[in-house]
Amino acid sequence: MNTKRLLALGLAIGLGLSGGALAQERADIAVVLDVRKEVADALRDGLEAQAAEQGTTVDFFAPRTDVALQALVEDLLAKGYAALALASQDEDALGASLEKAKAAGVPVCVVGEQPQLAALKAAQGALWGITTDEAEVGRLIGEDLVRRLPKGGQIVILEGCADDACCRDRILGLRSALSAQSRIEVVESSNADGKRIRAFDFATNYIIEYVNLRAIVCASDEMALGAQDAVDNNELGTWVYGTEGSREARISVRAKGLTATVARDYEQAGRRALELLANLLAGKLGESAVPRIEFLAAKLIDE
């Protein structure tokens, strides 16, 4: 495997590659980051650190749109990159990109926020996934509530968009953990569409309707922050949980606003993705070179 110097960030915007990336000698591995900036930054830090340690070259790219993601992957395959690391939450664009990589015989690692596991499994071939078990995220919150409410109590759930697999899995994990305490009653479960203002409105109404409400569990941090605003406005002690470990949510937890959120180590995920692909290209995996999905550890942040 070529172990030249790590290239500086070559960011491709839109359908093609940036002029700087084309002008330089192509790296071994192409990384496409199509996720929110906070996650992309952490992934890039881990990928770059691991590449420097292993002497592997890496080029970074970012599409403008989901359509551009597919075209960019096609372009990268045509350019002859030996392996790809992809971070995207778009099911259709990700699935189409994986199929094209599989057809080209190029190994891919999908990394970061939960990739569509169905797309990974359908594509199979030389494909890896490094992600979070979102049901485990919900279970961590459910277990914390069971610990805090030994005598039970009323809680409300604010779900995300109906087609968001991550949010659905979080709620399934939450309900599974809550089943250990039959006296915890879910009095309402509503879809706030992942929006802060809708969560604020729902939470405001539920606080008024259920005077003994103990907790509001939200399937995203954005909704949790909206619900927390409602709790603060009413000067109540209702607990509010987020699920994504975003920077804003962690700040709120430290300020004694949100009760907790759940963090993932995306920098470590980036490191692991690069380690896996680099070792694969160097022929170091041997019999263990079997495509698989690895789950990141999730941690409840409550202080």
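Reader: Why is the contact between the side chains of Arg148 and Asp144 called a salt bridge?

Author: A salt bridge requires a side-chain nitrogen of Lys or Arg within 4 Å of a carboxyl oxygen of Asp or Glu, and in this predicted model the side chains of Arg148 and Asp144 meet at 2.7 Å, N to O, so the pair satisfies that definition. Arg148 and Asp144 are four residues apart in helix 6, and are therefore separated by about one helical turn; helices here are DSSP runs of H or I with at least four residues, and strands are runs of E with at least two, numbered from the N terminus.

Reader: What makes Asp144 count as buried or exposed?

Author: Buried means under 20% relative accessible area, exposed means over 50%, and partly exposed lies in between (1.4 Å probe, protein chains only). Asp144, at 5%, therefore counts as buried, whereas Arg148, at 27%, is partly exposed.

Reader: What does the salt bridge between Glu134 and Arg264 tie together?

Author: The side chains of Glu134 and Arg264 meet at 2.8 Å, N to O. Glu134 lies in helix 6 (residues 134–148) and Arg264 in strand 10 (residues 261–264), so the pair links parts that are 130 residues apart in sequence. Glu134 is buried at 3%, and Arg264, at 10%, is buried as well.

Reader: How were these values obtained?

Author: Local features need pLDDT of at least 70 and side-chain atom pairs count only at pLDDT 80 or more, while totals for chains, interfaces and linings use all residues. Residues are numbered from 1 along each chain as its sequence is written, and side-chain values use heavy atoms, with hydrogens and water left out.
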